[in-house]
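This report introduces a protein model to a reader who has not met it before. Please keep the sequence and the structure in view while reading.

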Amino acid sequence: MKLAIMQPYFFPYVGYYQLIGAADLFVLYDNIKYTKKGWINRNRMLRNGVETTFSLSLKSASDSLDIRDRELSPDFNREKFLNQIAEAYRRAPYFTETYALIEQVVGYQESNLYKFLYHSLINTCGHLGLATPIRISSEIDIDHELKGQDKVLALCAALGADTYINAIGGTQLYNQEEFQARGVELLFVKSRPFTYPQFDNNFVPWLSIIDVMMFNPKREIFLEITGNFDLV
């Protein structure tokens, strides 16, 4: 069984969904520390031909809290966010169906960050036809005081995984020999180039899946997610 584990992100780039598509089971971390400078509650889109960052505003809290203990800010303006998306992509060929999904995600009346992101991921996967089962990390019976590689290996053992797949950016985080000693093959998803027209602009790669969905039919995105990468 091929297992992948990641923390949740807000409308992440296509490589995140390739990781889901490559796995037989995907575990979504909830009991892991929120990282302020990461991509958990923000990403990038195209606006007037230039990449720009969008984000979920969060309620002020300690930097030591887990993702599941963070909350959206009471001031997060859902309508304003949706208007930003609409202004940026209204002329895109797949705007109508993609915007309906974004409305469903952003309109979800949940203040807990993890629950909001989980709902977003489940609905986006459903929209794209990805059927990989997704489980929540804290519901799996392991020692949750473990960190990093040790926690990953514990999850592999608990779930009976013989292969662990991670994003290519994590090659320095794990030790091949340690995984081999536990009978687990360690592989990484390496995305191949994927370009498409973005209005009349020069192509900007690796933006949020929002950008991909605005300019490509769902069938083509599904093929990209499930086939246009290498396991190395």
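Which element supplies the largest share of the lining of the largest pocket? The answer is H5, which contributes four residues. The model discussed here is predicted.

**Pockets and cavity**

The largest pocket has a volume of about 770 Å³. It is lined by 34 residues, and those closest to its centre are Met-6, Gln-7, Tyr-9, Asn-166 and Leu-173. At least two lining residues come from each of strand S1 (2-6), helix H1 (14-22), strand S3 (42-47), helix H5 (148-159) and strand S6 (163-167).

The second largest pocket encloses about 160 Å³ of space. Strand S4 (50-55) gives the most to its lining, with four residues, while S3 and H2 also supply at least two residues each. Among the residues that line this second pocket are Met-45, Arg-47, Thr-52, Phe-54, Phe-76, Lys-80 and Gln-84.

The structure also holds one cavity of 30 Å³ or more. Its lining consists of Val-14, Phe-194, Tyr-196, Phe-203, Pro-205, Trp-206, Leu-207 and Val-212. The table sets out the volume and the lining classes of these three spaces.

| Space | Volume | Nonpolar residues | Polar residues | Charged residues |
|---|---|---|---|---|
| Largest pocket | about 770 Å³ | 17 | 12 | five |
| Second largest pocket | about 160 Å³ | four | six | two |
| Largest cavity | about 50 Å³ | eight | no | no |

**Helix H3**

Helix H3 covers residues 95-106, and its 12 residues should span 16 Å at 1.5 Å a residue. The C-alpha atoms at its ends are 16 Å apart, which agrees with that expectation. Which residues of H3 are buried? They are Phe-95, Thr-98, Tyr-99, Leu-101, Ile-102, Val-105 and Val-106. These buried residues lie on the same side of H3, because they cover an arc of only 155 degrees around the axis. A general property of helices bears on this pattern. An α-helix has 3.6 residues a turn, so residues three or four places apart point the same way. The cover over the buried residues of H3 includes helix H2 (78-89), helix H4 (113-128) and helix H7 (209-215).

**Two buried residues**

Gln-198 is situated in the loop between strand S7 (185-191) and H7. Is Gln-198 buried or exposed? Gln-198 counts as buried because its relative accessible area is 1%, and the cut-off for that class is under 20%. Leaving aside residues up to four places away in sequence, Gln-198 touches Leu-46, Phe-203, Val-204, Leu-207, Asp-211 and Phe-215. Of these contacts, Phe-203 and Leu-207 also belong to the lining of the largest cavity.

Ile-221 lies in helix H8, which comprises residues 218-227. With a relative accessibility of 0%, Ile-221 is likewise buried. Which residues does Ile-221 touch, not counting residues up to four places away in sequence? They are Leu-128, Val-212, Met-213 and Asn-216. Val-212 is also among the residues that line the largest cavity. Ile-221 and Gly-129 are 92 residues apart in sequence, and their C-alpha atoms are 9.5 Å apart in space.

Conventions. Residues numbered from 1 in each chain as written. Predicted model: local features only at pLDDT ≥ 70, side-chain atom pairs only at ≥ 80, totals over all residues. Heavy atoms only, no water. Expected span 1.5 Å × (residues − 1). Buried < 20%, exposed > 50% of the residue type's maximum accessible area, 1.4 Å probe, protein only. Arc of directions from axis to C-beta. Contact = heavy atoms within 4.5 Å. 1 Å grid on protein atoms, 1.4 Å probe; cavity = no way out; pocket = protein on both sides within 12 Å on 5 of 7 lines; lining within 4 Å. Points joined across faces, edges and corners; volume = space filled by probe spheres on them. Nonpolar A, V, L, I, M, F, W, Y, C, P; charged D, E, K, R; others polar.
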